[in-house]
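Here is a short tour for a reader new to this structure. It moves from one buried charge to ring pairs, a helix, salt bridges and the backbone.

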Amino acid sequence: NNEVFKPAKPFDYDTQFTDPTTARVKESMDSMKGQFDEHIATSIPTFRDTQVEKGSAIVKTYPDGASMIDLGGSEGGFVKAITKESGGKIRTTNLDASSVMMNKHMASGVDGSAFEHGAFKQGWEAGDTWEAVPTFTPKEKYDVVHESMMFQFIEDGGERASKIDEVADKYLKEDGLFITEEKFKLNDDAVYKQNEKLKENHKNKYYTKEQQNAKTEEVLIGMSEHQANYDQYLDDLHKRFDYVGTYWTSGNFRGIVASNSQEKFNKFMSNFEAPAAAKQYTYKKEYMADDIVEGASAADYAAAMRKARIELRDKADLVTPVSEAEAQKIIDEGGTLFTTKDGKAGAYVTGDGYMGGLFRNPTSDGKAAAKILQEARIKHGGKLFDSFANNEELYIRNGWKPVARMKFNPEYAPAGWEKNKELQGRPDNVFFVYDPKGSQKAGNGAYFDDYDEAYAFTLNYGKSGSNAKEIAAAERVLA
């Protein structure tokens, strides 16, 4: 009964699309929107907004044209809008197993956007209540392979590695983009359940309680047992692709792009504008002390940092990379490595008490990683660190005293600093020591021209004074 699934009111976007290309993609998609499009938009928070932004990003990433296939593209409005707004330069194919969807796609055809009636990976014979569908065999490889929720309709218990292999081996060009969206299982079931509660805030805008009680999850996103684990899916993608990043997070729904081309990966990521409203549907759990691995291996720390830097995209250069060999040297010289148990954040402390290497993967479902990692490092002898002055007030509130600083030097700044909003103001590089009982003020600290001199000054700061006693006392409390 279609009335059961008909929204009580029409869908309304959370996003105002001010970019001209994005606005045109939205208009095209809306002009070809079908009943299923309306249903999924009113059921998944920021899904429709994301399709618009994603379509615009694809058009911008391939200004000279490309080939694209959408696996399980249903009514086809998404790919047809991309072809139309690229002026026909991006040829698209909608692969779907439903002849009903074929008719809907063809009802508002766009030159350069084709429909293929077939099944991804494995077709099937006709049954009493379903039609025969042939296995689709691609005749070419594509610049873009896209799937959104289609994998979840394949009854496989959530297995994804073989599907990724199928895409990488038979569908995608070597420098192509694989763009994939699903609803995922999470390692923390409590976070998953909280996200589900937040999702209801979106559905309540469009469906009555009676409608929601009548609906089943299978209609839209596949049975829960066929959902993949988010972290496992990322690991499976990393085995086939050099660059893997999450471009959209809305509760348990995630969008991921993977490629072996850093250029194409970076272009898509920079062209995509994530809907701001998605954050209100995503629950973040605060990290606690028992979430920290004290004494992580060099291999685990370096691998976690590498994944985080890929996900950080244009902010990656704010995290100085640490190789496995460099991490092992920190251990060999008396230091300690730390990661969170989910592998989404980490830091280190050297043998002489310098605290560095702090990172947090934006795919993390946790928050306050910096605070809990800072406490762990102090416990293991952490005494000092340096950072750009952007967060100076925050560090002071957490008990850190600025004692030395250096003027911003473009020669030693992270690559691409001119485009980074946090560095465009040329903030000082500030050295801090732990002094939770002292009276601090942003801007304090002696200026130095040489990093090693500033480091040595900070390392030896207050050794013979009361500050050293306060640091020792704080360390004993945290121990």
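## A buried charge without a partner

D37 is buried, yet it has no salt bridge. Its nearest side chain of opposite charge is R48, 4.2 Å away. A salt bridge needs a side-chain nitrogen within 4 Å of a carboxyl oxygen, so D37 and R48 do not count as one. Keep in mind that this model is predicted.

D37 belongs to helix α2, residues 35-43. What does the side chain of D37 reach? It reaches the backbone nitrogen of G34, at 3.0 Å. Residues up to four places away in sequence aside, D37 touches M32, R48 and E75. R48 also has a part elsewhere: K26, D30 and R48 are linked in a network of salt bridges.

## Ring pairs

The structure holds 29 aromatic pairs. One of them joins F11 and Y206. Their centres are 6.0 Å apart, with 35 degrees between the planes, and the pair is tilted. F11 lies in the segment before α1 (20-31), while Y206 lies in the loop between α7 (189-203) and α8 (209-214), so the pair ties together parts 195 residues apart in sequence. F11 counts as buried at 10% relative accessibility. Y206 is buried too, at 2%.

F184 and Y230 form another tilted pair, with centres 5.4 Å apart and planes at 55 degrees. F184 sits in the loop between β5 (172-183) and α7, and Y230 in helix α10, so this pair ties together parts 46 residues apart in sequence. Both F184 and Y230 are buried.

Ring pairs also build a cluster. It links F120, F136, F151, Y171, F178 and F241.

Which charged residues lie over the rings of Y206 and Y230? K9 lies over the face of Y206, at 5.7 Å from the ring centre. The charged end of R254 sits over the ring of Y230, 4.6 Å from its centre.

## Helix α10

Y230 leads on to its helix, α10, which spans residues 230-240. The buried residues in α10 are Y230, D231, Y233, L234, D236, L237 and H238. What do they pack against? The list covers strands β4 (142-148), β5, β6 (243-250) and β7 (253-259), along with helices α6 (161-171) and α12 (298-312). At the start of α10, a side-chain oxygen of N229 comes within 3.0 Å of the backbone nitrogen of D231.

## Salt bridges

The count of salt bridges comes to 28. Three of them are set out here.

| Acidic residue | Basic residue | Closest N to O |
|---|---|---|
| E38 | K33 | 2.9 Å |
| E140 | R91 | 3.5 Å |
| E294 | K379 | 3.6 Å |

In the pair of E38 and K33, E38 counts as buried at 15% relative accessibility. K33 is partly exposed, at 31%.

E140 and R91 form a salt bridge across the sequence. E140 lies in the loop between β3 (113-117) and β4, and R91 in strand β2 (residues 90-96), so the pair ties together parts 49 residues apart. E140 is partly exposed at 31% relative accessibility. R91 is partly exposed at 42%.

E294 and K379 also meet in a salt bridge. E294 is in strand β9 (residues 292-294) and K379 in helix α14 (residues 369-379), so this pair ties together parts 85 residues apart in sequence. E294 is partly exposed, with a relative accessible area of 37%. K379 counts as partly exposed at 39%.

## Positive phi

Most residues other than glycine have a negative phi. S74 is not a glycine, but its phi is positive, about 50 degrees. Where does S74 lie? It is in the loop between β1 (66-71) and α4 (77-85). S74 is buried, with a relative accessible area of 13%.

R426 has a positive phi as well, near 55 degrees. Its place is the loop between β15 (400-406) and β16 (429-434). Is R426 buried or partly exposed? At 45% relative accessibility, R426 counts as partly exposed.

## V79 in helix α4

V79 is in helix α4. It is buried, with a relative accessible area of 1%. Neighbours within four places in sequence aside, V79 is in contact with M68, D70, T92, N94, H105 and S113. V79 and H105 are 26 residues apart along the chain, and their C-alpha atoms are separated by 9.9 Å.

Terms used:
Residues numbered from 1 in each chain as written. Predicted model: local features only at pLDDT ≥ 70, side-chain atom pairs only at ≥ 80, totals over all residues. Heavy atoms only, no water. Phe/Tyr/Trp six-rings, centres within 6.5 Å; stacked < 30°, edge-to-face > 60°. Helix = DSSP H or I, 4+ residues; strand = E, 2+ residues; numbered from the N terminus. Buried < 20%, exposed > 50% of the residue type's maximum accessible area, 1.4 Å probe, protein only. Lys NZ or Arg CZ within 6 Å of the ring centre and 35° of its normal. Lys, Arg positive; Asp, Glu negative; His and termini not counted. Polar contact = N/O pair within 3.5 Å; in protein donor to acceptor, adjacent residues only side chain to side chain. Contact = heavy atoms within 4.5 Å.
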